[in-house]
Amino acid sequence: MREDKRADQVVMEVPATAATVGTAYLDPNMGKEIAVAVGVNLTHPEKVMYPGTKVTKAMLVAYYAAVAEKILPHIQDRPLSLVRDTDGDLEQTFFQKHKLPGMPKAIHDGQLEKISGKESRFLWVDDLAGLVGGVQMNVLEFHVWGSLRQRPSLPHRMIFDIDPDEGLDFGDVKQAALDIRGVLEALGLQSWPLLSGGKGVHVVVPLVAKANWEAVKGFCQDFAELLARTDPSRFVANMSKAKRKGRMFIDYLRNGQGATAICPWSTRARAGAPCAVPVTWDELPTFKAANAFDVFGAAVRAQQPDAWEGYFETEQILTARIRKAVR
């Protein structure tokens with residue numbers, strides 16, 4: 001409905017008091033001091049990372065320091081992909097999965113064997129220095145695998161990414177997430193919602209790492225196809241944009257080995273400096289957009305109690321019985 005901005009530039013307005021507090025957490029001088037403390041040479045700390053904002057590279061360092069306690073459990077020791085910006089206007093971003101010359105030492109490089117039997121190089125971080133190293137490289141998004149690098153063949157989470165057709169309201173997305181939660185609960189699986197920072201919501205299901213990638217991806221595909229069969233007016237399990245018209249694609253493809261999804265608390269390479277932020281199921285209906293939190297709001301949010309309380313302590317297994325129930 002806005003004529004002065006593109007749809008992807010509109011983010012939820014943060015109350016003045018929250019914005020003021022968030023600004024304190026994103027002090028650029030603090031960001032520069034943090035970079036020195038963790039051993040990263042932060043060049044051009046004054047560089048504006050998001051057009052039309054005052055968010056600089058040094059401020060992003062301060063942001064990751066503010067959310068470190070929350071993000072590190074989700075990113076430590078997980079193979080990852082980086083989304084980097086090349087020109088400062090968010091128009092020329094690219095995915096990076098492998099080590100390149102000049103990368104900070106805090107971003108580690110390793111090798112693992114995939115299900116196919118082929119060996120592959122990968123990246124990972126395990127501390128704030130790694131996140132700051134990413135900022136130095138103009139990384140705007142951290143995407144993670146669903147497994148740890150030490151056990152790459154056994155995923156410990158599933159993700160249902162609700163990707164709506166552009167004409168749908170965010171209320172449709174929220175209701176879809178709640179409905180997916182209900183079906184998962186009926187199967188005996190707990191889940192948590194993530195505002196993606198983009199258009200959709202991720203429904204995240206933690207697992208005890210016992211089922212392999214084939215089983216997990218197969219279940220997620222069967223689950224998405226079940227929704228598409230039972231409610232074809234709302235859901236589609238085919239990623240074709242033409243077939244998605246007026247409906248939501250339940251993206252199960254993020255559940256294969258080597259596939260990644262945005263890490264909770266990561267910034268996004270989108271206008272307005274939005275972030276992917278965990279919320280509770282009770283809160284979800286109150287949000288007006290998936291990009292409700294920018295870096296200022298997310299920094300404040302990270303100081304509050306964890307919205308995903310119990311997530312890492314949940315012990316649930318994708319059993320043969322559960323898999324069979326959705327076929």
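## Around helix H3

Let's start at the end of a helix: just after H3, Asp 77 adopts a positive phi of about 65 degrees. Please keep in mind that this is a predicted model.

Helix H3 itself spans residues 57–75 and is worth a careful look. At Ala 68, H3 bends by about 75 degrees. Its end C-alpha atoms are only 21 Å apart although H3 has 19 residues, whereas a straight helix would reach 27 Å at 1.5 Å a residue. H3 is also mostly covered, with 16 of its 19 residues buried.

## The nonpolar cores

Helix H3 leads naturally to the interior. The largest nonpolar core contains 88 residues, and the largest share of this core, 12 residues, is supplied by helix H3. Tyr 63, Ile 75, Phe 160 and Phe 219 are the residues with the most contacts inside this core. There is also a second, separate core of 10 residues, which includes Ile 159, Trp 192, Leu 194 and Ala 261.

Phe 219 makes a good landmark if you are exploring the model on screen. Beyond its neighbours within four places in sequence, Phe 219 is in contact with Met 158, Phe 160, Leu 187 and Leu 189, and also with Leu 318, Ile 322, Arg 323 and Val 326.

## The open sheet

Next comes the sheet. It is open and built from 6 strands, with mixed pairing, and the strand order is E9-E10-E6-E8-E7-E12. Its edges are strand E9 (235–236) and strand E12 (277–278), each of which pairs on one side only.

Inside the sheet, strand E7 (residues 192–195) pairs with strand E8 (residues 201–206) in the antiparallel sense, over 4 bridges. Here Pro 193 stands opposite Val 203 in E8. Helix H6 (residues 213–230) lies across strand E6 (157–164), E9 and strand E10 (248–251). The angle between H6 and E6 is about 35 degrees.

## A closer look at Asp 251

Is Asp 251, a residue of strand E10, buried or exposed? With the cut-off for buried set at under 20% relative accessible area, Asp 251 counts as buried because its value is 10%.

Which residues are in contact with Asp 251, leaving aside its neighbours within four places in sequence? They are Ile 159, Phe 160 and Asp 161. Two of these names have come up already: Ile 159 is included in the second core, and Phe 160 is listed among the residues with the most contacts inside the largest core.

Key:
Residues numbered from 1 in each chain as written. Predicted model: local features only at pLDDT ≥ 70, side-chain atom pairs only at ≥ 80, totals over all residues. Heavy atoms only, no water. Pairing = 2+ DSSP bridges. Helix = DSSP H or I, 4+ residues; strand = E, 2+ residues; numbered from the N terminus. Contact = heavy atoms within 4.5 Å. Axes fitted to C-alpha atoms, helices over the stretch in contact; angles between N-to-C directions. Core = buried A, V, L, I, M, F, W, Y, C linked by side-chain atoms within 4.5 Å. Buried < 20%, exposed > 50% of the residue type's maximum accessible area, 1.4 Å probe, protein only. Expected span 1.5 Å × (residues − 1). Bend = angle between axes of the 7 residues up to and from the residue.
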